[in-house]
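Here is a briefing on one predicted model. Look over the sequence and the coordinates first.

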Amino acid sequence: MHHLGSSVSISSLQAVIFDLDGVLVDTARFHDQAWAELGLGLGYVLTETDRHAIKGRSRSDSLEYILEQAGWNDADTSQKSKWLHAKNARYLELVEALTPHDAAPGTLVLLEQLRSEGIKTALGSASQNAIKVLQKIGLETCFDTVVDGTRTTRSKPDPQVFWMAAQDLGCEPGNCAVVEDALAGVQAALEGGFLTIGLGDASVLGAAHRVVQQFSDLSVQGIKAWQLAFNHNKS
Ligand code: BG6
Ligand code: MG
């Protein structure tokens, strides 16, 4: 391609896969609140450690974790499905108030810039409510593909959700970046072979290749440069 000098490099970034809750919109707090309320009903107060442990995981995996912490070892399937339903009903009540103003500042601009540079975009979320939340914040038509909890069979930290997104887009994981706010999501992206960008607290997400504090710290040029370094470090 370029033979003009060693300073000329081409980024191999082909796609960016975004997590939803806690990345594109601040709904992680609604999941936290709904789980905390459910926990209280079971006589258990969720801790900060619990919140980080369940973040990014499927609804049923999260419930299993909470029941284990709360010492409820003998719940049957029908009781569990009632709790899952109650948690989701409460979450949906909280989500109802979302509007396009709640999309993370800079989302539309970044998605548009990626598109204009020929870089594909995907949503990779564990949520079965992803389409509803995307509609609420006005982003339902903004991605080349959406992989959510209605399509996956394995929950983060399994990389399945991100592999499915890369496959939909026809891209190799090594040429895609993942943006994640949850430890389970960072682990999934690392395991899947993606450039992994953590969004939030570096003391929690430090395993990621890069960590930014807020969505508006992301830029196309920045992600392309990180992708270049990621590929360089592999070779
Ligand atoms: C993830 C959230 O995006 O979706 C988790 O980070 C949540 O906290 C998971 O448990 C499943 O969401 P839902 O909407 O299907 O209950
Ligand atoms: Mg998240």
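Which spacing do the donors of the magnesium ion (ligand 2) follow along the chain? The pattern is D-x1-D-x159-D. This is a predicted model: local features need pLDDT of at least 70, side-chain atom pairs count only at pLDDT 80 or more, and totals for chains, interfaces and linings use all residues. Residues are numbered from 1 along each chain as written, chains are lettered from A and ligands numbered from 1 in written order, and side-chain values use heavy atoms, without hydrogens and water.

**Magnesium site**
- D19 (OD), D21 (O) and D181 (OD) are the protein donors, 2.0 to 2.1 Å from the ion.
- Donors are N, O and S atoms within 2.8 Å of the metal (3.2 Å for Na, K and Ca); water is not among the atoms, so sites may look incomplete.
- D21 sits in the loop between β1 (15–18) and α1 (28–41), and D181 in the loop between β4 (176–180) and α8 (183–192), 160 residues apart.
- Helices (H or I, at least four residues) and strands (E, at least two) are DSSP runs, numbered from the N terminus.
- D21 and D181 are both buried (under 20% relative accessible area; exposed is over 50%, partly exposed in between; 1.4 Å probe, protein chains only).

**Helix contact**
- R59, S60, L63, E64 and L67 of α3 meet K80, W83, L84, K87 and N88 of α4, with contact meaning heavy atoms within 4.5 Å.

**Residue E37**
- E37 lies in helix α1.
- Its relative accessibility is 34%, so E37 counts as partly exposed.
- The C-alpha atoms of E37 and A166 are 36 Å apart, with their positions 129 residues apart along the chain.
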